Amino acid sequence: MFGLLALAQTGRAQEGAGIQARIGHIEGQGIPQVQPVTPIELLPYYEFDQQLLFNDLRFVITNSGGLAGNVGFGYRFFEPETDRIYGGSLWYDIDDTRSLLFQQLGLSLESYGTDFDVRGNAYLPVGPETRQDSLAMRPGSLAFSGQNLVYTQNRSWYAAMKGVDLEAGIPVPGSIAESIDLRVYGGGYFYHNAYHDIPGISSRARASVLPGLDVELQVTYDSFFETRAFAGISWTLGPLHYSKFQPGDTLGRLGEHTTRNYTVVATHQRQNELVIARNPTTQQAYRFAQDRKSTRLNSSHEWISRMP
């Protein structure tokens, strides 16, 4: 969901095959990413007849060393009659940023123009959608219940979420804003799993402060994560960055960065469970019987285990 920055070579891109590189960093934690991320991206492409075929390869590392990756295949075309670019892309994401592997498929749709932009994304987890990260016995919880020995264990896990996001944006008027291609966006998102529904709203501002160098600020709000802020910067090396073209040149945005999540959205769940102690070999519950032995001095109680 976040724009990054870009640096490019001078001159308009020529038709044919090419490649563009991009590196950035986004600080913040919330619905789009579990930790601050540093994406490193390669965009092999083929441009022809005001159209673009591209393969977007992204390697992501978090501040704590977690890893993720994204692979996208997309197509865009310029429509002269409406002076707009239309496009879409399909994605496969793999996310180990929590040291728990999640995977998802994605769809991105977008339209760029002089007056306004619209983009949207859909995310669908595939493979295991829950991953356990902790299981431990609660200290001091061991007790007898009838003939059984019971204890409380604490279990926690992450649950991946399917979801969508949508935003629309406009350029900010004024000579200074136009000189840095300042644009503002507003939109919303909705994510769902078996435990939570998370609707939210988002606002974002993006500018190209130097040729190829972009900065952005995003603020989101929802009832689960509440208010979160994100700040991003990126640098692009290649001929397709929009700073290489004249303001108002819509065709020059044919190589615009696809804005979408880098990681899989997931909620962290916790649960306390009452567990009956079992024989690890047979998985049958241990059973205990009370043996009372009386003496002239006192009465003692001994517990004798009947082990299946």
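I count a salt bridge where a side-chain nitrogen of Lys or Arg is within 4 Å of a carboxyl oxygen of Asp or Glu. With that rule I searched the whole structure and found 17 salt bridges.

**Entry: ground rules**

The model is predicted, so I note that local features need pLDDT of at least 70 and side-chain atom pairs count only at pLDDT 80 or more, while totals for chains, interfaces and linings use all residues. Residues are numbered from 1 along each chain as its sequence is written, and side-chain values use heavy atoms, with hydrogens and water left out.

**Entry: the whole protein**

I looked up the secondary structure and found one helix and 18 strands. Helices (H or I, at least four residues) and strands (E, at least two) are DSSP runs, numbered from the N terminus.

I then looked up burial. Of the 308 residues, 46% are buried. Buried means under 20% relative accessible area, exposed means over 50%, and partly exposed lies in between (1.4 Å probe, protein chains only).

For contacts (heavy atoms within 4.5 Å), I took those with a separation of 6 or more; residues 24 or more positions apart account for 58% of them.

The accessible surface comes to about 15,400 Å², and carbon and sulfur atoms hold 60% of it. These areas come from the Shrake-Rupley method with a 1.4 Å probe, and for residues only the protein chains shown count as cover.

**Entry: salt bridges**

I started with Asp 56 and Arg 58, whose closest N and O atoms are 2.9 Å apart in a salt bridge. Both of these residues are buried.

Next I looked at Arg 204, which forms a salt bridge with Glu 167 at 2.5 Å between the closest N and O atoms. This pair links distant parts of the chain, since Arg 204 is in strand β13 and Glu 167 in strand β11 (residues 162-171), 37 residues apart. Arg 204 and Glu 167 are both buried.

The third pair I noted is Glu 256 with Arg 253, where the closest N and O atoms of the salt bridge are 3.1 Å apart. Glu 256 and Arg 253 are buried as well.

Which residues do shared salt-bridge partners join into one network? I list Asp 117, Arg 119, Glu 167, Asp 181, Arg 183, Arg 204, Arg 206, Glu 216, Arg 253 and Glu 256.

**Entry: two positive phi values**

Asp 181, one of the network residues, has phi near 50°, a positive value in a residue other than glycine. I find Asp 181 in the loop between α1 (175-179) and β12 (183-192). Asp 181 counts as buried because its relative accessibility is 19%.

Ser 99 is also not a glycine, and its phi is positive, near 60°. The loop that holds Ser 99 runs between β5 (84-96) and β6 (102-113). Is Ser 99 buried or exposed? I record Ser 99 as exposed, because its relative accessibility is 64%.

**Entry: Asn 121**

I located Asn 121 in strand β7 (residues 117-126). Its relative accessibility is 5%, so Asn 121 counts as buried.

I then checked polar contacts (a pair of N or O atoms within 3.5 Å; within protein, one must be able to donate a hydrogen and the other to accept it, and residues adjacent in sequence count only if both atoms are side-chain atoms). The side chain of Asn 121 makes one with the side chain of Ser 108 at 2.5 Å. The side chain of Asp 165 gives another, at 2.8 Å from that of Asn 121.

Not counting residues up to four places away in sequence, Asn 121 touches Leu 107, Ser 108, Gly 163, Val 164, Asp 165, Thr 259 and Arg 260.

**Entry: Ile 201**

Ile 201 sits in strand β13 (residues 197-210). I count Ile 201 as exposed because its relative accessibility is 54%.

Leaving aside neighbours within four places in sequence, I find Ile 201 in contact with Gly 187, Gly 188, Tyr 189, Val 219, Thr 220 and Tyr 221. From Ile 201 to Asp 222, the C-alpha to C-alpha distance is 6.7 Å, with their positions 21 residues apart in sequence.

**Entry: a nonpolar patch**

Patches are made of residues with over 30% relative accessible area and no salt bridge; like charges are joined within 9 Å, and nonpolar side chains (Val, Leu, Ile, Met, Phe, Trp, Tyr) within 5 Å. I found a nonpolar patch on the surface with about 810 Å² of accessible area together, its members including Ile 19, Leu 42, Val 71, Phe 73, Tyr 92 and Ile 94. The elements that give two or more residues to the patch are β4 (67-79) and β5.

Val 71 lies in strand β4. With a relative accessible area of 30%, Val 71 is partly exposed.
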